[in-house]
Amino acid sequence: MYPANLFRALANERRLQILDWLKDPRAHFPPQADGDLVEDGVCGVFIADKLGISQPTLSEHMRVLVQSGLVVPKRIRQWTFYRRDEDQIRAARAMVETL
């Protein structure tokens, strides 16, 4: 995990909102036809709709979160699902606390 990628990911309110929603996906997103909300993650379409943004804009936000290591993508058919990487989030928290 590179600190610059981490801080870039955390420097945007929408990305912080996404991380918060992904903490408890069943509370924030409807059931999905494909993939389990917790095990596989949340479909990018649902995240974009909830934020009220376009798919390309969401893709950029998710690219930053994935590069930071805080979020893991998973392809199921033509869709990309996203879930938090709790181990990386704990490591990021520890890194920030040492600064």
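Hi everyone. Strands here are runs of at least two residues that DSSP labels E, numbered from the N terminus. With that in hand, we can look at isoleucine 76, which is found in strand β2. Please keep in mind that this is a predicted model.

So, is isoleucine 76 buried or exposed? Buried means under 20% relative accessible area, and isoleucine 76 has 18% relative accessibility, so it counts as buried. Who are its neighbours? Leaving aside residues up to four places away in sequence, isoleucine 76 touches Asp34, Gly35, Asp40 and Phe81. Now try measuring on your screen from isoleucine 76 to glutamine 88: they are 12 residues apart in sequence, and 23 Å separate their C-alpha atoms in space.

Let's step back to the sheet. Three strands make up an open sheet, in the order β1-β3-β2, with antiparallel pairing. β1 and β2 (71-76) stand at the edges with a single partner strand each, so one side of each has no neighbour in the sheet.

How many bridges join β2 to β3? There are six, and the two strands run antiparallel. One pair to look for is proline 73, which stands opposite tyrosine 82 in β3. β2 and β3 form a hairpin with two residues between them, and in that turn arginine 77 has a positive phi of about 55°.

On the β1 side, the pairing with β3 is also antiparallel, this time over two bridges. Cysteine 43 has phenylalanine 81 in β3 as its bridge partner, while valine 42 stands opposite tyrosine 82 in β3. You may recognise phenylalanine 81 from the contacts of isoleucine 76.

While you look at the sheet, here is a handy rule: in a regular strand the side chains alternate between the two faces of the sheet.

Next comes helix α4, residues 44-51. Which of its residues are buried? They are Gly44, Ile47, Ala48 and Leu51. These residues sit on the same side of α4, because they cover an arc of only 95° around the axis. What do they pack against? The buried residues of α4 pack against α2 (13-23), β1 (42-43), α5 (55-68) and β3 (79-84). Just after α4 you'll find glycine 52, with a positive phi of about 75°.

Last stop, the surface. Phe7, Leu10, Leu16, Val96 and Leu99 form a nonpolar patch there, with about 420 Å² of accessible area together. One of them, phenylalanine 7, lies in helix α1 (residues 3-10). Phenylalanine 7 counts as partly exposed because its relative accessibility is 36%, and partly exposed covers the range between buried, under 20%, and exposed, over 50%.

Thanks for listening!

Methods: Residues are numbered from 1 along each chain as its sequence is written. This is a predicted model: local features need pLDDT of at least 70, side-chain atom pairs count only at pLDDT 80 or more; totals for chains, interfaces and linings use all residues. Side-chain values use heavy atoms; hydrogens and water are left out. Patches are made of residues with over 30% relative accessible area and no salt bridge: like charges are joined within 9 Å, nonpolar side chains (Val, Leu, Ile, Met, Phe, Trp, Tyr) within 5 Å. Accessible areas come from the Shrake-Rupley method with a 1.4 Å probe; for residues, only the protein chains shown count as cover. A salt bridge is a side-chain nitrogen of Lys or Arg within 4 Å of a carboxyl oxygen of Asp or Glu. Helices (H or I, at least four residues) and strands (E, at least two) are DSSP runs, numbered from the N terminus. Buried means under 20% relative accessible area, exposed over 50%, partly exposed in between (1.4 Å probe, protein chains only). The arc is that of the directions from the helix axis to the C-beta atoms. Contact means heavy atoms within 4.5 Å. Two strands pair if DSSP finds at least two bridges between them.
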